[in-house]
Amino acid sequence: AVVTPACDDYLLLGDAATDDDPQPSLPRVNFRALQAHTHTVTCARFSPEGERLATGSVDESVAVWNSESWELLVRLRPHAEPVFCVAWHPCGDALIAGYG
């Protein structure tokens with residue numbers, strides 16, 4: 001999966017498209033939009049095992065998604081400033097958010 005923050009409150013999720021053509025001329029990607037934030041999404045990071053995705057936003061929140069169903073698991077407001085980076089602990093059970 002490819003994840004990219006969009007220029008608004010959406011997160012774009014892309015998966016490789018399947019095609020019957022054995023030699024397509026260009027790779028295709030199917031995109032879908034996820035929304036949990038109310039302002040620009042600034043960062044996204046998969047957990048080490050790949051089961052969850054954390055996103056941060058200018059709206060001062062962190063969202064955590066299930067990466068199988070894309071269900072929003074939790075939305076946290078740990079800061080009173082925009083969140084510009086998120087990082088998972090290597091064991092996958094702790095999340096750090098950077099702001100400023």
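Me: Is aspartate 59 buried or exposed?
Reply: This is a predicted model, and in it aspartate 59 lies in the loop between β5 and β6. Its relative accessible area is 6%. Buried means under 20%, so with 6% aspartate 59 is buried.

Me: How far apart in space are aspartate 59 and histidine 39, C-alpha to C-alpha?
Reply: In sequence, aspartate 59 and histidine 39 are 20 residues apart. In space, the C-alpha to C-alpha distance between the two is 5.1 Å.

Me: With which residue does aspartate 59 form a salt bridge?
Reply: The closest N and O atoms of this salt bridge are 2.8 Å apart. Aspartate 59 lies in a loop and its partner in strand β7, so the pair ties together parts that are 16 residues apart in sequence. The partner counts as partly exposed, at 33% relative accessibility. The residue is arginine 75.

Me: How many salt bridges does a search of the whole structure find, and which side chain meets arginine 52 in one?
Reply: The search finds two salt bridges. In the one with arginine 52, the distance from N to O is 3.0 Å. Arginine 52 is partly exposed, with a relative accessible area of 23%, and its partner is partly exposed at 37%. That partner is glutamate 49.

Me: Which residues form an aromatic pair, and is it stacked or edge-to-face?
Reply: A search of the whole structure finds one aromatic pair. Its ring centres are 6.4 Å apart and its planes are at 70°. Planes over 60 degrees apart count as edge-to-face, so the pair of phenylalanine 46 and tryptophan 70 is edge-to-face.

Me: Where in the chain do phenylalanine 46 and tryptophan 70 lie, and how many residues apart are they?
Reply: Phenylalanine 46 is in strand β4, residues 41–46. Tryptophan 70 is in the loop between β6 and β7. The pair links distant parts of the chain, and the separation is 24 residues.

Me: Which residue of the aromatic pair is buried?
Reply: Phenylalanine 46 has a relative accessible area of 31%, so it is partly exposed. The other residue has 10% relative accessibility, and under 20% counts as buried. The buried one is therefore tryptophan 70.

Me: How many residues make up the largest nonpolar core?
Reply: Tryptophan 70 belongs to this core, as do Leu11, Leu13, Leu34, Ala36, Val41, Leu53, Ala63 and Trp65. β2 and β6 each supply at least two residues of the core. Apart from it lies another core, of seven residues, including Ala54, Val64, Val83 and Val86. The largest core has nine residues.

Me: What is the area of the nonpolar surface patch made by Leu73, Val74 and Leu76?
Reply: Leucine 73, one of the residues of the patch, lies in strand β7. At 43% relative accessibility, leucine 73 is partly exposed. The area of the patch is about 220 Å².

Me: How many bridges join strand β8 to strand β9?
Reply: Strand β8 covers residues 83–88 and strand β9 residues 95–99, and the two run antiparallel. Cysteine 85 stands opposite glycine 98 in β9. The number of bridges between β8 and β9 is five.

Me: Which residue in the turn between β8 and β9 has a positive phi?
Reply: β8 and β9 form a hairpin, with six residues between the strands. The phi in question is about 85°. The residue is glycine 92.

How values were computed. Residues are numbered from 1 along each chain as its sequence is written. This is a predicted model: local features need pLDDT of at least 70, side-chain atom pairs count only at pLDDT 80 or more; totals for chains, interfaces and linings use all residues. Side-chain values use heavy atoms; hydrogens and water are left out. Rings of Phe, Tyr and Trp (its six-membered ring) pair if their centres lie within 6.5 Å; planes under 30 degrees apart count as stacked, over 60 as edge-to-face and the rest as tilted. Helices (H or I, at least four residues) and strands (E, at least two) are DSSP runs, numbered from the N terminus. Buried means under 20% relative accessible area, exposed over 50%, partly exposed in between (1.4 Å probe, protein chains only). A nonpolar core is a set of buried Ala, Val, Leu, Ile, Met, Phe, Trp, Tyr and Cys residues joined through side-chain atoms within 4.5 Å. Patches are made of residues with over 30% relative accessible area and no salt bridge: like charges are joined within 9 Å, nonpolar side chains (Val, Leu, Ile, Met, Phe, Trp, Tyr) within 5 Å. Accessible areas come from the Shrake-Rupley method with a 1.4 Å probe; for residues, only the protein chains shown count as cover. A salt bridge is a side-chain nitrogen of Lys or Arg within 4 Å of a carboxyl oxygen of Asp or Glu. Two strands pair if DSSP finds at least two bridges between them.
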